[in-house]
Amino acid sequence: PLGRDLAGRHVVVSAGGTREALDPVRFLGNRSSGIQGYALARTAVARGARVTLVSANVGLPDPAGATVVRVESAEQMRSAVLEAAGNADAVVMAAAVADFRPAEYRDAKIKKVAGAGPEPIHLVKNPDILAELGARPHPGQVVVGFAAETHDVLANGREKLARKGADLLVVNQVGEDLTFGRPDNAAVVLAAEGDPVEVPRGPKEDLADVVWDLVVARLKPISG
Ligand code: C5P
């Protein structure tokens, strides 16, 4: 029923979770599985898009027909996403990007020292990729973010949608295994212009198709 309504479009999807290295063996990471981002990539291919999937630490098979760019850290994800976004009609940031990274990277494995207590880990802020795209370097591009919230889901989502300048924000309630690593998801999609859309619990593909429906409705007609 959906047809190839993304034919002639280039879309960028980020998926997975970044890892912020402390030393050659350790990192700060998160619980994102990449399932939702990969579902977005697969459904976009099915709807005719050219898809660039920027994938951070995901153990899933490559979606057929998508170009997969592998990254590890938030800074690598930023370079890959911004490069691919240069000629993209839409960017969907489904990845869990670390807000902070260790202030210093140790080239050699950090050792425990007998008698000494644990050393504090100092953090610095990562660039906010979604907010950079929300600042509209590419006019007409549809920018979509995800937000995982544990409380005050709608109020936090609205504030985040405005702060990041996105067109759409998919808000999940997380905690108690409601989202991470599961094949299904429930969400509310908030729009900068338009009513919120509630998506009942179902396969992550179904949520992906709702996101693409809302993206398609916001795309400028292909000229020429
Ligand atoms: O601020 P918060 O991390 O909750 O925002 C989540 C949204 O912002 C997701 O779409 C995520 O991909 C994006 N994000 C980003 N760069 C960051 C942090 C989050 O693009 N440094």
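The following legends describe close-up views of the ligand site and the two largest pockets in a predicted model.

**View 1. Residues around the ligand in the predicted model.** The ligand is surrounded by 13 residues. Met93, Ala95, Pro127, Leu130 and Lys160 are the closest of these. Sorted by class, the shell around the ligand comprises eight nonpolar residues, one polar residue and four charged residues.

**View 2. Polar atom pairs between the ligand and Ala95, Lys160 and Lys164.** Ala95 takes part through its backbone, with an N or O atom 2.7 Å from an oxygen atom of the ligand. Lys160 takes part through its side chain, where an N or O atom is 2.3 Å from an oxygen atom of the ligand. For Lys164, an N or O atom of the side chain is 2.9 Å from an oxygen atom of the ligand. The ligand taken alone exposes 450 Å², and 90% of that area is buried by the protein.

**View 3. The ligand in the largest pocket.** The ligand takes up space in the largest pocket of the model. Helix H3 (129–134), strand S9 (142–149) and helix H4 (153–164) each give two or more residues to the shell around the ligand.

**View 4. The lining of the largest pocket.** This pocket holds about 840 Å³ of space, and 40 residues line it. Nearest the centre of the largest pocket lie Ala95, Ala96, Val97, Phe146 and Ala148. Two or more lining residues come from each of strand S1 (10–16), helix H1 (35–46), H3, S9 and H4. By class, the lining of the largest pocket consists of 17 nonpolar, 15 polar and eight charged residues.

**View 5. The second largest pocket.** The space in the second largest pocket amounts to about 490 Å³. Its lining is formed by 18 residues, and those closest to the centre are Arg106, Ile110, Glu119, Pro120 and Ile121. Nine nonpolar, two polar and seven charged residues make up the lining of the second largest pocket.

Key: Residues are numbered from 1 along each chain as its sequence is written. This is a predicted model: local features need pLDDT of at least 70, side-chain atom pairs count only at pLDDT 80 or more; totals for chains, interfaces and linings use all residues. Side-chain values use heavy atoms; hydrogens and water are left out. A residue is near a molecule or strand if one of its heavy atoms lies within 4 Å of it. A polar contact is a pair of N or O atoms within 3.5 Å; within protein, one must be able to donate a hydrogen and the other to accept it, and residues adjacent in sequence count only if both atoms are side-chain atoms. Accessible areas come from the Shrake-Rupley method with a 1.4 Å probe; for residues, only the protein chains shown count as cover. On a 1 Å grid over the protein atoms alone, a cavity is a set of points where a 1.4 Å probe fits but cannot get out, and a pocket is an open set with protein on both sides within 12 Å along at least five of seven lines; lining residues have an atom within 4 Å of a point. A molecule sits in a cavity or pocket if more than half of its atoms lie within 2 Å of its grid points. Helices (H or I, at least four residues) and strands (E, at least two) are DSSP runs, numbered from the N terminus. Ala, Val, Leu, Ile, Met, Phe, Trp, Tyr, Cys and Pro count as nonpolar, Asp, Glu, Lys and Arg as charged, and the others, Gly among them, as polar. Grid points are joined across faces, edges and corners, and a volume is the space filled by probe spheres set on the points.
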